[in-house]
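Please walk through the structure below, moving from strands to loops and then to charged side chains.

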Amino acid sequence: MTRSTLKVKDLHVAIEDKEILKGVDLEVSGGEIHVIMGPNGTGKSTLSSAIMGHPKYEVTSGSVTLDGEDVLEMEVDERAQAGLFLAMQYPSEISGVTNADFLRSAINSRREEGDEISLMKFIREMDKKMEFLEMDPDMAQRYLNEGFSGGEKKRNEILQLMMIKPKIAILDEIDSGLDIDALKVVSKGVNEMRSEDFGCLIITHYQRLLNYITPDYIHVMMQGRIVKSGGPELAQRLEAEGYDWIKKELGIEEDETEGQEA
Ligand SMILES: Nc1ncnc2c1ncn2[C@@H]1O[C@H](COP(=O)(O)OP(=O)(O)OP(=O)(O)O)[C@@H](O)[C@H]1O
Ligand SMILES: [Mg+2]
């Protein structure tokens, strides 16, 4: 398998005519782990939603490609089938669909007709992964995310990730709301996925996740742009000093998009 590449070029995205992303450039390839950090309300989740094709987010210019294919031309399910995966900041609850059924149809929708995963193989694999993630086996038969605690939802997103095996995954605040042990389990899941066939973009506020997952690149998003990129040491400096020094360095003024919760 060749390494996949997700390329985001000069991406501008608006929500209800308000420009949120103002020219984002980013490239994530198989084998790499990228991290985006940045103040609340600067457009990190907007970037993930736009890449996955959420209808509310209007791409006004720029491009997104996966291995040269135009992602913006694809329907939402085609993006997933092409190998993109998003663990949402706030995973949705789907009543009436069990976790296991959801997973199995997600896997099969990414496979050719006639090549569907057998029920036995699916169950064996799911059991193994759930054990690896120290999940209660009952979670398989519960409705997707319904009544799951915050941390259970995040762990379940990692189960999906490990079962679906996307080419490129975006994990939006996968560490938020996790207790210390859960943080380790979730990190273990991401580390288990690490290979040339898997590229990952992690959105986080805290350096502590990076004690468990060693990233290759850190990017800082502010006011709808990636304003700075570096190695893991950048996350350490942000943890210690916050974002003011970057604003000073770049001469960025506070604006109305900052300090707001999404
Ligand atoms: N569906 C929406 N309708 C209206 N405004 C939105 C919508 N989604 C995002 N926004 C606005 O876009 C801006 C960026 O939001 P976004 O969720 O991308 O921020 P974020 O960087 O992920 O923040 P956080 O760190 O708090 O998760 C915010 O000002 C937010 O209020
Ligand atoms: Mg967000």
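The paragraphs that follow take up the sheet, the loops, the salt bridges and the charge patches in turn. One caution comes early: this is a predicted model.

Start with the open sheet. Four strands form it, in the order β2-β1-β4-β5, and the pairing is antiparallel. Its edge strands are β2, residues 18-29, and β5, and each of these pairs on one side only. Strand β1 covers residues 5-15. It pairs with β2 in the antiparallel sense, over nine bridges. To place the register, look at His12, which stands opposite Lys22 in β2.

Now follow the chain through the turn. The hairpin of β1 and β2 has two residues between the strands. There Glu16 takes a positive phi, near 45°. Glu16 is also exposed, because its relative accessible area is 64% and the cut-off for exposed is over 50%.

What does the side chain of Glu16 meet in a salt bridge? The partner is Lys56, at 3.4 Å from N to O. Lys56 lies in the loop between α1 (44-52) and β4 (57-66), while Glu16 lies in the loop between β1 and β2, so the pair ties together parts that are 40 residues apart in sequence. Lys56 counts as partly exposed, at 47% relative accessibility.

Move next to a strand with cover on both faces. Strand β6 spans residues 84-87. In a regular strand the side chains alternate between the two faces of the sheet. In β6, Leu84 and Leu86 are on one side, with Phe85 and Ala87 on the other, and all of them are buried. Strand β9, residues 168-172, runs parallel to β6, and four bridges join the two. Phe85 has Ala169 in β9 as its bridge partner.

Beyond β6 comes another charged contact. The side chains of Lys153 and Glu93 meet in a salt bridge, 3.1 Å from N to O. Lys153 lies in helix α5 and Glu93 in the loop between β6 and β7 (94-98), so this pair ties together parts that are 60 residues apart in sequence. Is Lys153 buried or exposed? Lys153 counts as buried, at 15% relative accessibility, because the cut-off for buried is under 20%. Glu93 counts as partly exposed, at 44%.

A further pair is Glu249 and Lys228. Their side chains meet in a salt bridge of 2.7 Å, N to O. Glu249 lies in helix α8 (residues 244-250) and Lys228 in strand β12 (residues 225-230), so the pair ties together parts that are 21 residues apart in sequence. Both residues are partly exposed: Glu249 at 46% relative accessibility, and Lys228 with a relative accessible area of 23%.

How many salt bridges does a search of the whole structure find? The search finds ten. Salt bridges also link Glu125, Lys129 and Lys165 in a network.

Return to backbone angles. Glu134 is a residue other than glycine, yet its phi is positive, near 50°. Its place is in the loop between α4 and β8 (143-144). Glu134 is exposed, with a relative accessible area of 55%. Asn145 is not a glycine either, and has a positive phi of about 65°. Asn145 is found in the loop between β8 and α5 (150-164). Here the surroundings read as buried, because Asn145 has a relative accessibility of 1%.

Finish at the surface, with two patches of charge. In one, Asp67, Glu69, Asp70 and Glu73 gather as a patch of negative charge. Glu69 is found in strand β5, residues 69-70, and β5 is one of the edge strands of the open sheet. In the other, Arg111, Lys121, Arg124 and Lys128 gather as a patch of positive charge. Lys121 lies in helix α4, residues 119-132. Lys121 counts as partly exposed, at 42% relative accessibility.

Key
Residues numbered from 1 in each chain as written. Chains lettered and ligands numbered in written order. Predicted model: local features only at pLDDT ≥ 70, side-chain atom pairs only at ≥ 80, totals over all residues. Heavy atoms only, no water. Patch = residues over 30% accessible without salt bridge, like charges linked within 9 Å, V, L, I, M, F, W, Y side chains within 5 Å. Areas by Shrake-Rupley, 256 points an atom, 1.4 Å probe, with all protein chains shown as cover. Salt bridge = Lys/Arg side-chain N within 4 Å of Asp/Glu carboxyl O. Lys, Arg positive; Asp, Glu negative; His and termini not counted. Charge placed at Lys NZ, Arg CZ, Asp CG, Glu CD. Pairing = 2+ DSSP bridges. Buried < 20%, exposed > 50% of the residue type's maximum accessible area, 1.4 Å probe, protein only.
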